[in-house]
Amino acid sequence: MDASQNATGGSGGNGVLVPQANDTTGATMVDDPKQNLNEVINSIQKTLGLIHQLYLTVSSFNDASQLPLLQRLNALVIELDNMAKLSEKCNIQVPMEVFNLIDDGKNPDEFTRDVINSCIAKNQITKGKTDTFKSLRKHLLEELEQTFPDEVESYREIRSASAAETKRLAQAQSILQNGDVKVKPEP
């Protein structure tokens, strides 16, 4: 065995990747979901690299490559354990349909596209219903105005007063028209 295969950390010779211990003694652990996800993604990429290296070692296996094979297997087991620990900090829910598409050899982006198209279709249906009700309300008000002009005028005054009061309260409470709350920027 040559000295390049006897690496203690980082990337050894002959494509051997020996795992390095993560130094977290000085760093504080932050439960940032984005950071946790990035750590899992990095671990997945590292695992894929280890699997590729393992494939290369196995495909050209001979007696001399037994030690690098064992080192790569150990590195893979350590990284899979690390990935499992990191994934416990992530709360990601993947729909079963995505896994089914992957199992069928299809692109999971198809699921995303289908969901978005479904949302667009439902949005158009809802918009159509809303427009229909607005049209019905307008038509009813026109018919009522011809039959009961005084009552409709009284109704419109009440509606405008109510809308003005709602707008005033919303402005006083920093609530936007759509119901969201305004966030004041920090100085």
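## Packing of α1 and α2

Helix α1 and helix α2 (residues 66–87) pack with their axes 9 Å apart, at an angle of about 160 degrees. Angles over 145 degrees count as roughly antiparallel, so α1 is roughly antiparallel to α2. The crossing of the two helices is left-handed. These values come from a predicted model.

On the α1 side, the residues that meet α2 are Glu39, Val40, Ser43, Ile44, Lys46, Thr47, Leu50, Ile51, Gln53, Leu54, Thr57 and Val58. On the α2 side, they are Leu69, Arg72, Leu73, Ala75, Leu76, Glu79, Leu80, Asn82, Met83, Leu86 and Ser87. Sorted by class, the contact of α1 with α2 has 13 nonpolar, six polar and four charged residues.

## Helix α1

Helix α1 covers residues 33–59, which is 27 residues. At 1.5 Å a residue the helix should span 39 Å, and its end C-alpha atoms are 39 Å apart, so the expected and computed spans agree.

The buried residues of α1 are Asn36, Val40, Ser43, Thr47, Leu50, Gln53, Leu54 and Thr57. Val40, Ser43, Thr47, Leu50, Gln53, Leu54 and Thr57 are also among the α1 residues that meet α2.

## Two residues at the α1–α2 contact

Isoleucine 51 is placed in helix α1 and is among the residues that meet α2. Its relative accessibility is 42%, so isoleucine 51 counts as partly exposed. Across the contact, the C-alpha atom of isoleucine 51 is separated by 7.2 Å from that of leucine 76, although the two residues are 25 residues apart along the chain.

Glutamate 79 belongs to helix α2. With a relative accessible area of 5%, glutamate 79 is under the 20% limit and is therefore buried. Leaving aside neighbours within four places in sequence, glutamate 79 is in contact with Ser43, Lys46, Thr47 and Leu50. Among these partners, Ser43, Thr47 and Leu50 are listed as buried residues of α1.

## Helices α4 and α5

Helix α4 (residues 109–147) and helix α5 (residues 149–172) cross at roughly 135 degrees, and their axes come within 6 Å. That angle makes α4 oblique to α5.

Arg137, Leu141, Leu144, Glu145, Gln146 and Thr147 are the α4 residues in this contact. They meet Pro149, Val152, Tyr155, Arg156 and Arg159 in α5. By class, the contact of α4 with α5 has five nonpolar, two polar and four charged residues.

## Asparagine 100 in α3

Helix α3 (residues 96–103) contains asparagine 100. The relative accessible area of asparagine 100 is 38%, and the residue is partly exposed. Its C-alpha atom and that of phenylalanine 111 are separated by 10.0 Å, with the two residues 11 residues apart along the chain.

## The chain as a whole

The chain has five helices and two strands. From the N terminus on, the order of the elements is β-β-α-α-α-α-α.

The chain has 187 residues, and buried residues make up 17% of them. Of the contacts in the chain with a separation of 6 or more, 47% are accounted for by residues 24 or more positions apart. The pair of isoleucine 51 and leucine 76 has a sequence separation of 25 residues.

Notes. Residues numbered from 1 in each chain as written. Predicted model: local features only at pLDDT ≥ 70, side-chain atom pairs only at ≥ 80, totals over all residues. Heavy atoms only, no water. Helix = DSSP H or I, 4+ residues; strand = E, 2+ residues; numbered from the N terminus. Expected span 1.5 Å × (residues − 1). Buried < 20%, exposed > 50% of the residue type's maximum accessible area, 1.4 Å probe, protein only. Axes fitted to C-alpha atoms, helices over the stretch in contact; angles between N-to-C directions. Parallel < 35°, antiparallel > 145°, perpendicular 65-115°, else oblique. Left-handed = near helix turned anticlockwise from the far one by under 90°. Contact = heavy atoms within 4.5 Å. Nonpolar A, V, L, I, M, F, W, Y, C, P; charged D, E, K, R; others polar.
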